[in-house]
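Please read this note alongside the sequence and the coordinates. The points are meant to be checked one by one.

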Amino acid sequence: MRAHIVVAHPEPKSYNAHLAATGREALERKGWSVTVSDLYQMGFDPCERPEHYPAPLDRSRFDVQSEQRHASATQTIPPDVAAEIARLDQADLLILQYPMWWHLPPAILKGWFDRVFIYGDVYTSKKRFENGRFVGKKAMLSVTVGTSEDTYAYNGRSGDIDLLLWPINFSLAYGGFSVLEPFVAYGVEAGLRYSDPAAVEARLKAISNDFATTLSQVEKIPAIPFNQMAHWGSDGRITPDAPVYSPFIRRKPLLPLE
């Protein structure tokens, strides 16, 4: 089995880098082969731009989808993008390791999606979801956040974690991945500390051990049940008998207003 870990943190000694190394070691102990793309250390350019396409379809204006499709058709995909796609093709499991910044992934990871999930080669209107390029492969998020699990619960002050992770999880599902439930490391305090240093150190050690244990049993991690094509109506809406999964569904009653 093969895994590919994409790391999106600028500091090679960060806790995110540590979790990526921990995950790699846990999978290698299972006999897996693991590759890693550390986006910052690679100098990956997250910005889609004309310079990536030296033989464009149209030199008068830069239309991203047209140029991505043209590069796919002419086998002139930018080398850094082609290399990432090859790693995804070889992997049975993709892990995205990143910190939550302003309730979103770092810009470099969003840019990785913008460029690597290239129109034509990776997806088209007929090559997505259950017909996507990466059908049969699994993907999961491993995310660090600064505050407690309670703050990211339903109606938590920081926002429901399922809502915040929905765009990335859905993008993976769009590409055909079976998306596993995420691993969220809560209370990873960095420059701003709210807890006693000893408590933080113990917490981080426990999270690391938990991540290693989780990946040692990766086959048991449940998949998020996204809706399938069979449950879509002709208007693109979900039919009433669909096994609806959406983080926007209220799982608990709202608190009464005072």
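The points below concern a predicted model and go from one helix to its packing, then to the cores and two loop residues.

1. Length of H1. Helix H1 covers residues 15-29, which is 15 residues. At 1.5 Å a residue the expected span is 21 Å, and the end C-alpha atoms are 21 Å apart, so the two agree. Just after H1, Gly31 has a positive phi of about 95 degrees.

2. Buried side of H1. Tyr15, Asn16, Ala17, Leu19, Ala20, Thr22, Gly23, Ala26 and Leu27 are the buried residues of this helix. They pack against five strands and one helix by name: E1 (2-7), E2 (33-38), E3 (93-99), E4 (138-144), E6 (183-185) and helix H7 (197-216).

3. H1 against H7. A helix pair is described by the angle and the distance between the two axes. Here the axes of H1 and H7 come within 8 Å and cross at roughly 35 degrees, and the crossing is right-handed. On the H1 side the contact uses Tyr15, His18, Leu19, Thr22, Gly23, Ala26, Leu27 and Arg29; these meet Leu204, Ile207, Ser208, Phe211, Ala212 and Leu215 of H7. By class, this contact has 9 nonpolar, 4 polar and 1 charged residues.

4. Largest nonpolar core. This core has 42 residues, and Leu94, Leu96, Tyr98, Leu109, Trp112, Phe117 and Leu172 have the most contacts inside it. Two or more residues come from each of H4, E3, H5, E4 and helix H6 (161-174). H6 gives the largest share, 6 residues.

5. Surroundings of Phe117. Which residues does Phe117 touch, not counting those up to four places away in sequence? They are Gln68, Leu88, Trp112, Val122, Tyr123, Phe134, Ser171, Leu172, Gly175 and Phe177.

6. A separate core. Apart from the largest core lies another, of 25 residues. Ala3, Val7, Val200 and Ala212 are among its members. Ala212 also belongs to the H7 side of the contact with H1.

7. Positive phi at Gln75. Gln75 is not a glycine, yet its phi is positive, near 55 degrees. The residue sits in the loop between helix H3 (64-74) and helix H4 (79-90). Its relative accessible area is 74%, so Gln75 is exposed.

8. Positive phi at His103. His103, also a residue other than glycine, has a positive phi near 70 degrees. The loop that holds His103 runs between E3 and helix H5 (107-116). With a relative accessible area of 39%, His103 counts as partly exposed.

Key
Residues numbered from 1 in each chain as written. Predicted model: local features only at pLDDT ≥ 70, side-chain atom pairs only at ≥ 80, totals over all residues. Heavy atoms only, no water. Helix = DSSP H or I, 4+ residues; strand = E, 2+ residues; numbered from the N terminus. Expected span 1.5 Å × (residues − 1). Buried < 20%, exposed > 50% of the residue type's maximum accessible area, 1.4 Å probe, protein only. Contact = heavy atoms within 4.5 Å. Axes fitted to C-alpha atoms, helices over the stretch in contact; angles between N-to-C directions. Left-handed = near helix turned anticlockwise from the far one by under 90°. Nonpolar A, V, L, I, M, F, W, Y, C, P; charged D, E, K, R; others polar. Core = buried A, V, L, I, M, F, W, Y, C linked by side-chain atoms within 4.5 Å.
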